[in-house]
Amino acid sequence: MPRRRRHRYPSDLTDAQWALIEPLLPPAASIGRREKHDRRDLVDAIGYVVRNGCAWRALPSDYPPWQTVYYYFARWHDLGVTERVHDALRDQLRVQEGRDVEPTAGIIDSQSVKGADTVPAASRGFDMGKKINGRKRFLVVDTLGLLLAVLVVPASTHDTVGGRQVLLDSYFAGRRLQLVFGDGMFSGTIVDWAARLLGLRVQVVRRPAGQQGFEVLPRRWVVERTLSWITGHRRHARDYERRPDHAEALIRWAMIGVMARRIDRRAPARRPGPRPLQRII
């Protein structure tokens with residue numbers, strides 16, 4: 001049996017959360033050398049990188065070697081394990097919330113983030129609207145805010161082009177959405193294209209005329225909350241990945257942690273409000 005490490009970090013999975021993920025991982029090889037490191041330690045190490053934003057080489061020494069952790073991260077991504085674990089947890093959480101496994105409505109949005117110096121020039125661009133040099137993330141989520149599809153492209157990619165691709169990815173992944181909400185950037189030709197090719201209705205939620213300052217918009221706030229869940233993980237405050245598909249995999253790992261905690265709690269997180277001011281005498 002692989003040896004477990006003793007020290008535990010706040011980002012590590014609890015026993016209940018690990019019990020959700022362990023059965024979803026592929027079985028160990030029956031031939032060849034036995035695995036040296038506990039798989040829970042490998043998953044915890046990936047979660048540490050995502051949550052704390054450190055480099056792979058900067059993993060604490062009581063985790064398995066960073067080369068081993070990165071090898072399993074890349075291998076599980078290439079074999080489709082990461083996506084299967086993510087989708088299985090999403091289905092379980094939807095059932096727990098009293099929803100059908102397959103959603104019929106979703107919300108689409110994009111987010112531009114700065115690219116670190118590790119992001120090659122071939123996969124980065126400049127977003128003229130946001131004035132950001134880096135990459136753009138396209139997300140499709142269900143009405144609970146759970147991830148259905150993700151696409152990472154250069155920030156110079158127009159929302160119409162990226163929106164078409166992420167909706168196609170969702171369609172060919174087996175999602176049969178009937179309605180998708182989006183902002184004004186997803187109006188125009190993409191509406192007719194989605195209706196004709198995918199049988200999908202794209203409904204644009206626009207800001208009220210004369211709006212000043214911040215205001216929560218119907219439906220669109222759901223995907224904005226998902227983006228805040230993702231960027232709450234320091235690894236996603238900026239894009240550091242050389243490969244866009246690895247950036248997509250790390251976004252799924254962030255959502256795996258979010259969903260595992262929510263299934264374990266059996267309720268949405270409740271954050272305490274501001275504490276009342278105390279008068280100092």
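Select helix α3 (residues 66-78) and show its side chains: Val-69, Tyr-72, Phe-73, Ala-74, Trp-76 and His-77 are buried (under 20% relative accessible area, with exposed over 50% and partly exposed in between, for a 1.4 Å probe and protein chains only). Helices (H or I, at least four residues) and strands (E, at least two) are DSSP runs, numbered from the N terminus. The model is predicted: local features need pLDDT of at least 70, side-chain atom pairs count only at pLDDT 80 or more, and totals for chains, interfaces and linings use all residues. Residues are numbered from 1 along each chain as its sequence is written, and side-chain values use heavy atoms, leaving out hydrogens and water.

Next, add α2 (39-52), α4 (81-96) and α8 (244-265), which are among the elements that cover the buried residues of α3 (contact means heavy atoms within 4.5 Å). The 13 residues of α3 reach 18 Å from first C-alpha to last, close to the expected 18 Å (1.5 Å times one less than the number of residues). Just after α3, select Gly-80, where phi is positive at about 80°.

Now move to strand β5 (residues 179-182). Leu-179 and Phe-181 point one way, Val-180 and Gly-182 the other way, and all are buried. Strand β1 (residues 105-114) runs parallel to β5 and is joined to β5 by 3 bridges (strands pair if DSSP finds at least two bridges between them); Gly-106 stands opposite Val-180.

Then select strand β6 (residues 201-204), which pairs with β5 in the parallel sense over 4 bridges. Here Leu-179 stands opposite Arg-201. Finally, trace the chain from β5 through helix α6 (residues 189-198) to β6: this β-α-β crossover is right-handed (with the strands pointing away from the viewer, the path from the first strand over the helix to the second runs clockwise).
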